[in-house]
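Opening the notebook on a new model today. I want the overall layout, then the core, then any odd backbone spots.

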Amino acid sequence: SFHKEASYDAQSRLALKAARHLLSTRLREVLREDLSGVYGVGVRASIGRFPVELATGMINFGCNPDRVDELMTATFDVITALSSDEIDPHYLENFKEQERRGWETDHKRNSYWQGVMTRAFWSGEPLSELAQEEARLDALNAEDVRAALTHLFTAEGHRSAVLLPKE
């Protein structure tokens, strides 16, 4: 797991969501498709506001216990590569397209609007922030995503847990 102080604002949350999407996609490609080491990879990342503004992240996967070290090393290799290499524009465009498609359906559901209003109430954010979501998405670039990724997902200070089967 990963924990870092972070700013709770709409642009930071969007950049972290895109970083989560990018990392999840790349880890699936490498750990599952290239190394055949896992069936799936879970990546979670969010920024909370209370009691302090804090970003948290988690990466999880199931694998053969004999391959734990190899796959954890590969995981951090992917994070390092995404932090230092140019991010393929395809990943960012894919994220933006998925967000837009999600909005098309979400905006028709009452539960979406209930969640928006609840978050606005508890966070103190004005509902007018919602009108800026398209502009924020359009403005999101690879550097924003890299900054969010490198801020939270670092080897320093992370905590790892390995659950092994009973013998």
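**Overall layout**

I started with burial: 36% of the 167 residues of the protein chain count as buried (under 20% relative accessible area, exposed being over 50% and partly exposed in between, with a 1.4 Å probe and protein chains only). Note to self: this is a predicted model, where local features need pLDDT of at least 70, side-chain atom pairs count only at pLDDT 80 or more, and totals for chains, interfaces and linings use all residues. Residues are numbered from 1 along each chain as its sequence is written, and side-chain values use heavy atoms, with hydrogens and water left out.

I looked up the secondary structure and got six helices and three strands, running β-α-β-β-α-α-α-α-α along the sequence. Helices (H or I, at least four residues) and strands (E, at least two) are DSSP runs, numbered from the N terminus. The C-alpha atoms fill a box of roughly 55 × 35 × 30 Å along the principal axes. For contacts (heavy atoms within 4.5 Å) between residues at least 6 apart in sequence, 76% join residues at least 24 apart.

**The core**

Next I pulled the largest nonpolar core, which has 38 residues. Such a core is a set of buried Ala, Val, Leu, Ile, Met, Phe, Trp, Tyr and Cys residues joined through side-chain atoms within 4.5 Å. Leu23, Leu27, Leu31, Ile59, Leu140, Val145 and Phe153 touch the most other members. Helix H1 (10-34) gives the largest share of this core, 10 residues. I then checked Phe153: leaving out residues up to four places away in sequence, its contacts include Phe2, Leu23, Val43, Ile59 and Ile79.

**Helix H6**

Which residues of H6 are buried? I get Val145, Arg146, Ala148, Leu149 and Leu152. They line one face of the helix, because they fall within an arc of 165° seen down its axis (the arc is that of the directions from the helix axis to the C-beta atoms). Those buried residues pack against strand E1 (2-5), H1, E2, E3, H2 and H3.

**Backbone oddities**

As a baseline, most residues other than glycine have a negative phi, and most peptide bonds are trans. I found a cis peptide bond between Phe50 and Pro51, with omega about 0°. Pro51 sits in the loop between E2 and E3. Ser36 has a positive phi, near 50°, and lies in the loop between H1 and E2. Ser36 is exposed, at 56% relative accessible area.
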